[in-house]
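Me: I have a structure open and would like to know what stands behind the labels people put on it. Could you take me through them?

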Amino acid sequence: MQYSIRKLTQDQLNTLIELSPLPVLVCGVDGKIKFLNESLVKLTGFSREELTGSTLVNMGIAEYDFISDFVEDFKKSGMIKSTELYLNFYSGNGSAFSVSTQMAEYENSQILIIFFNDVTERKSFELKHNNPNGFGEKLNVISSQERILIQNERLRALEAQGRALRRFELLAWISGELLHSDNPLAEVQNICEKVMEYLECDTFFNYLIDCKKGQLILNAFTGITESQASRIKALHFGDAICGCVARDGTRIVVDHSVIDGDKRAELIKLFGIKAYACHPLTGRNGKIIGTLSFGTKSKEQFNDEDIAMMKAVADQVAVALIRMQTEQKLRDYYDELEKLVEERTLEMKKSEQRLSAAINATGGGIYETSFPPGGECFFSDRWFEIFGIPKIEHPDCLVLQNQIDPLIHTDDRVLFKKAIEKFVAGYTQTFSVEMRIKKSTGEWRYIQNMAYASLRDESGQVKRMVGVILDVTQRKELEEQLVHSQKMESLGRLAGGIAHDFNNMLQVITACSYRMMKNAGAESELTRDIEVIREAAQSSARLSHRLLAFSSKQILQPKLLCVNKLVKRVHKLLSNSLRENVKVSTNLDDHLGNVFMDQDQMEQIIINMVMNSQNAIAGGGTISIISSNVTLPEIHPFKHHAVPAGPYVMLAIKDTGCGMDTETLGRIFDPFFTTRQKEGGTGLGLSSAYAVVKQSGGVIRVYTSPGKGTTFKMFLPWKEKSENETQSVAAVSKVINRKSTALVVDDNPHTRRFVVNGLQELGCKVFEANNGEGALVVSRSYNGDISIVITDIVMPGISGVEMARIIRNERPSTPILYMTGFEAGKLTDHYNADENIVLLKKPFSMDDLQNALVKTYSTFVNGGKGDIIQKKNYKTYPVQKTGDKLRILIVDDETVSAECIAFLLKRNGSVVEIADNGKKALELTENLKPDVIIMDIRLPDMDGYELAELIRTMPCCEQTRLIACSGCNPVEEKVSLFDEYLIKPLDMMELMQLLTGDTLAV
């Protein structure tokens, strides 16, 4: 019989040796013993340690090296035959053994697996009956009958010898088949059919235990039909003989006499079986893994030899199945382990990717080092980039420290050393220091160095640290710019207060010069002096506006401008401001068109650009201001945006300075970007200029190169004068005449008198007041129409805006003109800065006043656009007729606001109660039975929606009107609980119209 060499693992070999019912040893082709089982140890009398590594010949057990014969046979024929040999034991006794051998491969070398079967009794019998001397001679003197008996005994012995040999060969073959098979389950069918031939059986059954289902599952069978097999495919423990064997682990053998009376044998009886034996398949620790049973239809019972053969087969099948299960568990374990490793590897890759992305996002350099320096360390690529030193593949901490120390600013070196010493000594838990380093380019950079201790000793001293360094230069620059901006803002607020009084004084000068010119006459020499005073006041006013423009959020007030006039005026101002070696020249087009822009903003742009040009001129040089009319083509792409085709006014500022490189050119319009390192600068001049020009519909282009100067060209939309604009001053008589009545309100008597005189010259009837309270008294005491209210915004007591709001509600048809000495950006606390209001800046001339009057009436007639006070069209839902007392409940935890509303409602005759939470509101509702409930949405114990739901279920509130009052937008799906939803701050006029249709009595 020929076998292929099979590779065995350690677990497979151990299972085969330890669970074999026969003595087994494993040796190499040199005959040295590698492994053996306990049965062989007991048989030889030597210890396992004595036998391992030796040979049977050296130990005196075998008389000759029979293993070399096995190896030679295998080399010649590819198979190993069974043999018999005599072994001597340590005790001095000996025995005859039949030897069966299998060739296998283990750890890349060939091995022999040798099974020993004791045949001592058989050999003794053979010697007894085949002795040629004394025993044979005795046969001559015995009778023929005795000779026949002896002959029969000899034949039986030979037959027993033959059966024993066949049994041993069959067991050896079964062992080889199971050993070489990757799937012993598939071999059970073939093996058991061979055993059936040997035992002269008709059937066999192999069941395996399914622990999950708690059943025996039929694995292999022979001797019955498929239909019969389907009836016994699955058995429960305790059912039939196989179930009892699997449950108890005890072999059951029955013959024909037992089968007829045993209920467990009913299935066997149906198959015609007379004798039946079922053996448990026992694994390690006595665990039952299945059963193996044989049955015969011809024999009345099985003898002991048959039962022993069945047990030997069952043991070998059990060993093979256990090996298969172990291998399967190992495969499952390795598969699971491989899957787990794959998942962990994938997770590690993802973690590394996330960590790498996070590090790249921060722009930081990672490092790890030990203390004292000299141990293993790590520095990322970005770490070397930040310090500006060449990368080292295997860095040394001491070498790097010597390279970095000279780069640190002298003032920061001591700070860095003290911080690291405290950290290493354990005085601080984390390390953080900011320092300046000088790169190879000579540039100073700010570095933030942060770390924590990854390992400390018992005393708390740091042994290893992990950290990150960040280049925070840009952050430091932004912080410095922010501080500078805050200083400028504070300066602007301070200047705003001064400018208010300064503008009022300029207004007095302007007003007085106007009156003096009217009285002096046109040809008088005094008139020329007064004109100089007037121009000086106007120039002072423009200078004040320019100083405040940087820190103000101005509302642009565009008008038609002649750019040439602005350039000439600015040129005079700049002549005294620029360095002596910098000259400014102008080249202006006499036929230049007009632009529609804010005058102050345009002047500020020209000044900023000229000052920037001066800064770009290191020594002497020239700055040219050029203007011309241009027509841009239909498609004219600029860097930042395109402008429509058409006529434009071009204003250019050209210098002979140092010019700009490409990098600087790409950032000049960025906020806070400046090249003025020594002199300082906000970096807002060009960005503000770009924004204003773009807002006006124009664009700025820059032409420059290093060493060849810079030219800024502004393209502003060209605008013709309209008929309305040319006649704006004449149109004032159409809005202000002898039929008009005006109310002038200002706490400055000189400004108030100037406006009053100007209106009276137009024939207007004028009332005046020095504050808001006085203006309200005048308005309420005068029964006629007031054509216009002209008021200052910032005054003692109530502001001009508050006063105007009240007058507008009482006199909806009266337009409002606002005056102020502040910049518009400083007044956002008084009105909405996004509104296009009519604002007259102090100081102003009579022409400015007349133009503002015309614009105010034009704006008001066009639907009130641009006015601070927006008229609302309220729907009126009167609860009761005017004069009836309303029962009103106010629910609001802001007691001051609730009491103010209650006071005004009581003055109109209503009965009012206040609740500061939902619980109290429900109690008052039961007693008051209110006609109206005004409730806030946010209450301390419940929200207004929940309270509204409860009130809607109360019988006493079927006719109660619910009005929500909140500072936030309503929830769409719940707003239907209320009859009205008002937004805070509450407009009392709106509330009274909702309640009664009347206005509020003040």
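Me: What is the volume of the second largest cavity?

Reply: About 110 Å³. Bear in mind that this is a predicted model, where local features need pLDDT of at least 70 and side-chain atom pairs count only at pLDDT 80 or more, while totals for chains, interfaces and linings use all residues. Residues are numbered from 1 along each chain as its sequence is written, and side-chain values use heavy atoms, with hydrogens and water left out.

Me: What makes a space a cavity, and how is its volume defined?

Reply: On a 1 Å grid over the protein atoms alone, a cavity is a set of points where a 1.4 Å probe fits but cannot get out, and lining residues have an atom within 4 Å of a point. Grid points are joined across faces, edges and corners, and the volume is the space filled by probe spheres set on the points. A search of the whole structure finds seven cavities of 30 Å³ or more, and the largest has a volume of about 200 Å³.

Me: Which residues lie closest to the centre of the largest cavity?

Reply: Leu16, Phe115, Ser175, Gln316 and Val319, out of 19 that line it. The elements giving two or more residues to this lining are α1 (10–18), α7 (144–180) and α13 (304–362), and α7 gives the most, with six. Helices (H or I, at least four residues) and strands (E, at least two) are DSSP runs, numbered from the N terminus.

Me: How do the linings of the two cavities divide by class?

Reply: Ala, Val, Leu, Ile, Met, Phe, Trp, Tyr, Cys and Pro count as nonpolar, Asp, Glu, Lys and Arg as charged, and the others, Gly among them, as polar. On that basis the largest cavity has twelve nonpolar, five polar and two charged lining residues. The second largest has eleven nonpolar, no polar and one charged. Its lining includes Phe205, Tyr207, Ala240 and Arg264, and Arg is on the charged list.

Me: Which element gives the most to the lining of the second largest cavity?

Reply: α10, with three residues. β7 (203–210), α10 (240–248) and α12 (266–270) each supply at least two.

Me: Why is α10 called largely enclosed?

Reply: Buried means under 20% relative accessible area, exposed over 50%, and partly exposed in between (1.4 Å probe, protein chains only). Seven of the nine residues of α10 are buried, so the helix is largely enclosed by the rest of the structure. Those seven are Ala240, Ile241, Cys242, Gly243, Cys244, Val245 and Ala246. After α10 comes Gly249, with a positive phi near 75°.

Me: What makes Thr711, Asn183 and Asn108 buried, partly exposed or exposed?

Reply: Thr711 has a relative accessible area of 14%, so it is buried. Asn183 has 39% and therefore counts as partly exposed, while Asn108 has 74% and is exposed. Thr711 sits in strand β24 (residues 710–717); Asn183 is in the loop between α7 and α8 (184–199); Asn108 is in the loop between β5 (94–106) and β6 (109–118). Asn108 also has a positive phi, near 65°, in a residue other than glycine.

Me: Which residues is Thr711 in contact with, leaving aside neighbours within four places in sequence?

Reply: Ala652, Ile653, Lys654, Arg701, Val702 and Tyr703. Contact means heavy atoms within 4.5 Å.

Me: What makes a set of residues a nonpolar core?

Reply: The members are buried Ala, Val, Leu, Ile, Met, Phe, Trp, Tyr and Cys residues, joined through side-chain atoms within 4.5 Å. The largest one has 36 residues, and Met602, Met609, Val610, Leu651, Phe712 and Met714 touch the most other members. Helix α20 (residues 599–615) provides the largest share, six residues. Apart from this core lies another, of 35 residues, including Val188 and Ile322.

Me: How do you know where to be careful with the model?

Reply: By pLDDT, the predictor's confidence in each residue, from 0 to 100. The protein chain averages 77, and 78% of the residues score at least 70. The value stays under 50 over residues 824–835, where the model has 28 contacts beyond four places in sequence. It also stays under 50 over residues 863–883, with 52 such contacts.

Definitions and conventions: On a 1 Å grid over the protein atoms alone, a cavity is a set of points where a 1.4 Å probe fits but cannot get out, and a pocket is an open set with protein on both sides within 12 Å along at least five of seven lines; lining residues have an atom within 4 Å of a point.
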